[in-house]
Amino acid sequence: MINKNNKTSLTELSSYKKLQAHYHNVRPLHMRRLFSVDSQRAKKFTVEHEGLRLDYSKNRMSHNTLPLLCNLAREVNLESWRERLFSGDKINNTEGRAVLHTALRNCSNTPILVDGNDVMPQINASIDKMEQFSHKVRTGDWAGYSNKKITDIINIGVGGSDLGPKMVYEALKPYRQKGLTVHFISNVDGAHIDETLEKLNPETTLLIISSKTFTTQETLTNAHIARDWFLQSAQNEAHIAKHFVAVSTNKTEVRRFGIDLDNMFEIWDWVGGRYSLWSAIGLSVVLSVGMKNFKKMLSGAHSMDQHFKDAPLEQNMPVILGLLGVWYNNFFNAESHGIFPYDHYLRSLPLYLEQADMESNGKSVDRHGRKVNYATGPIIWGTSGINGQHAFYQSIHQGTKMIPADFIVSMLTHSVHQEQHDIMFSNALAQTEALMRGRTLDETYADVMMSNPPVQNIEERIHHMVFEGNHPTNTLLIDKLTPRSLGMLIALYEHKIFVQGIIWNLNSYDQWGVELGKQLTHRILQDIEQPHTVTSHDGSTNAMINYYHNILKKEAKKEEEVTA
């Protein structure tokens, strides 16, 4: 039974109403003006933590904005919820689960209790098992059925079992072991797995099947195709033990697939899929970069955890990012938020954060089961910054939508091409400056008059060249992209998501919205496998299923005629 009594809506809180009044005072202000009257603005609106620097001065805020937002955070008891998150309380109320991805990187090893039991011994045992296994594979002590060294690893998973490990694998390219390549298969489209398998040797390939339940349709479909591919070469099912491992909780299904339970790596129900890369779901990363570097990533995340736990709200990096997101989402009616990394190795970070954020806070019902009357999670999107500049930045600069954005830039590069890095760094700062300052009509006219060659028909074109500016951005500067700094960066965004979920009174750790599609997929698949005309769905879906039937029949007839 849902308890809907005595629960005040976000918009009825006194701190929210004060922010509404404050918004009307701030809305007409231009950031260019704010910078001109306060020479210390950048210093005041910058926070650092161990080589990670957040400059949030290019936001549409006065010196009163953050204190008012922090008052909102306190009125919704953010600090109490934060304590519950770290202590193992079952804050995932719809599934009755604790939310303990932070325990997976608890480098201080302080006890964390779930149902009265300390989970740290299980976590440490899993880390030890991953370390021992990865050492054997990386050194060649673990060989394939024909005694050849493993050269390729395939990670088969979907969602959090794919996006997180893949993003980290790309980000840590400078730390990978040579001669060992990881491939990621998530798409149930057969073209994806075919493209991967056709270039690999089964004798030197290790496959990781990542599925918490070991029943996920997309993952298991791909896993069985890979199994058949392998057995065409190996012939003997006993050889599966040397080439397949599982990351799962379901021993029965893992054993039924043919994987030795000694090669099963456990995860727990208090680890959500989109927060699971710190667990054995990250096994492909451990195999690639080694446990030493994986532990550095864990330590970086743990460092951000401690900062999030201990820093005052007004100086707390995840809190500041989260509250600024609420500021734009709920008061400026911004519907999306851009993530633009100026680092090639972070090119998949926006994809990873799309799931982490939108699957967490893309909800219209609060944790008490009530329909919300305010905006919740924004659309998260983005790509590498340089590509974005030549694609969609036009809309951010001169379009009609407000699109707050995070610019993520590494100070030091792993590349030997320093001049190129200087160009990239300059581009990142130029974009944030341009988005903030804009260019007035007079400034545009002056620039055009000084151009060589001169611009023709200037009076007809001048207004197309004016930039309004006043577009908000955050800039995250990373000293250098390392396993430790990557861990801090990912944990920063995890906690930002948590902060916003608390403000919006959401359960950020369930995902019931994906379930209906799974159920209907099963029904439609059954209909496709039947020869009769389908009438059990809506008119559009019925028509497309039946059209699909007809196409398959025509194709089958063509093949019969060819072989006749």
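Start with the whole protein chain in view: of its 564 residues, 51% count as buried. Keep in mind that this is a predicted model. Colour by secondary structure and you can look for 22 helices and 13 strands. Along the principal axes, the C-alpha atoms fill a box of roughly 75 × 65 × 60 Å. How does the radius of gyration compare with that of a compact globule? For 564 residues such a globule would have a value near 24 Å, and the protein chain has 26 Å, which agrees.

Now show the surface. About 26300 Å² of the protein chain is exposed, and carbon and sulfur atoms supply 50% of that area. If you colour the charges, there are 58 positive and 61 negative ones, and their mean positions are 4 Å apart. Turn on contacts as well: among those with a separation of 6 or more, 75% are between residues 24 or more positions apart.

**Stop 1: helix H7**

Select residues 163–171, which make up helix H7. Is this helix mostly covered or mostly exposed? Helix H7 is mostly covered, with seven of its nine residues buried. Those buried residues are Gly164, Pro165, Met167, Val168, Tyr169, Glu170 and Ala171. To see what covers them, add strand E6 (181–185), helix H11 (283–289) and helix H12 (291–310) to your selection. Helix H14 (349–361) and helix H20 (483–503) are also part of the cover.

**Stop 2: helix H4 and the residue after it**

Next, select residues 65–75, helix H4. Here the buried residues are Thr65, Leu66, Leu68, Leu69, Cys70, Leu72 and Ala73. Their cover includes helix H1 (14–26), helix H5 (78–87), helix H13 (317–330) and H20. You have met H20 before, as part of what covers the buried residues of H7.

Move on to asparagine 77, in the loop between H4 and H5. Most residues other than glycine have a negative phi. Asparagine 77 is not a glycine, yet its phi is positive, about 65°. This residue counts as partly exposed because its relative accessibility is 45%, and partly exposed covers the range between 20% and 50%.

**Stop 3: aromatic rings**

Display the side chains of Phe, Tyr and Trp. How many aromatic pairs does the structure hold? There are 26. Zoom in on phenylalanine 133 and tryptophan 142: their ring centres are 4.9 Å apart and their planes meet at 75°, so this pair is edge-to-face. Both phenylalanine 133 and tryptophan 142 are buried.

Another edge-to-face pair is made by tryptophan 381 and phenylalanine 392, with 4.7 Å from centre to centre and 70° between the planes. Tryptophan 381 sits in strand E11 (residues 379–382), while phenylalanine 392 is in the loop between helix H15 (385–389) and helix H16 (393–398). Phenylalanine 392 is partly exposed, with a relative accessible area of 22%.

For a group of rings, select Tyr16, Tyr23, Trp327, Tyr328, Phe331 and Phe332, which form one aromatic cluster.

**Stop 4: two residues and their contacts**

Select histidine 337 in strand E10 (residues 336–342). Is histidine 337 buried or exposed? Its relative accessible area is 7%, so histidine 337 is buried. Leaving out residues up to four places away in sequence, histidine 337 touches Pro378, Ile379, Ile380, Trp381, Pro404, Ala405, Asp406, Asn474 and Lys496. Trp381, one of these contacts, is the tryptophan from the pair with phenylalanine 392.

Then go to tyrosine 374, in the loop between H14 and E11. Tyrosine 374 is buried, at a relative accessible area of 12%. Beyond its neighbours within four places in sequence, tyrosine 374 is in contact with Ser9, Leu10, Thr11, Asn330, Trp504 and Asn505.

**Stop 5: backbone details**

Follow that last contact to asparagine 505, in the loop between H20 and helix H21 (515–528). Asparagine 505 has a positive phi, near 60°. With a relative accessible area of 17%, asparagine 505 is buried.

Finish in the loop between helix H18 (441–449) and helix H19 (458–461), where you will find proline 453. Most peptide bonds are trans. The bond joining asparagine 452 and proline 453 is cis, with omega about 5°.

Terms used:
Residues numbered from 1 in each chain as written. Predicted model: local features only at pLDDT ≥ 70, side-chain atom pairs only at ≥ 80, totals over all residues. Heavy atoms only, no water. Helix = DSSP H or I, 4+ residues; strand = E, 2+ residues; numbered from the N terminus. Rg over C-alpha atoms; globule rule 2.2 N^0.38 Å. Buried < 20%, exposed > 50% of the residue type's maximum accessible area, 1.4 Å probe, protein only. Contact = heavy atoms within 4.5 Å. Areas by Shrake-Rupley, 256 points an atom, 1.4 Å probe, with all protein chains shown as cover. Lys, Arg positive; Asp, Glu negative; His and termini not counted. Charge placed at Lys NZ, Arg CZ, Asp CG, Glu CD. Phe/Tyr/Trp six-rings, centres within 6.5 Å; stacked < 30°, edge-to-face > 60°.
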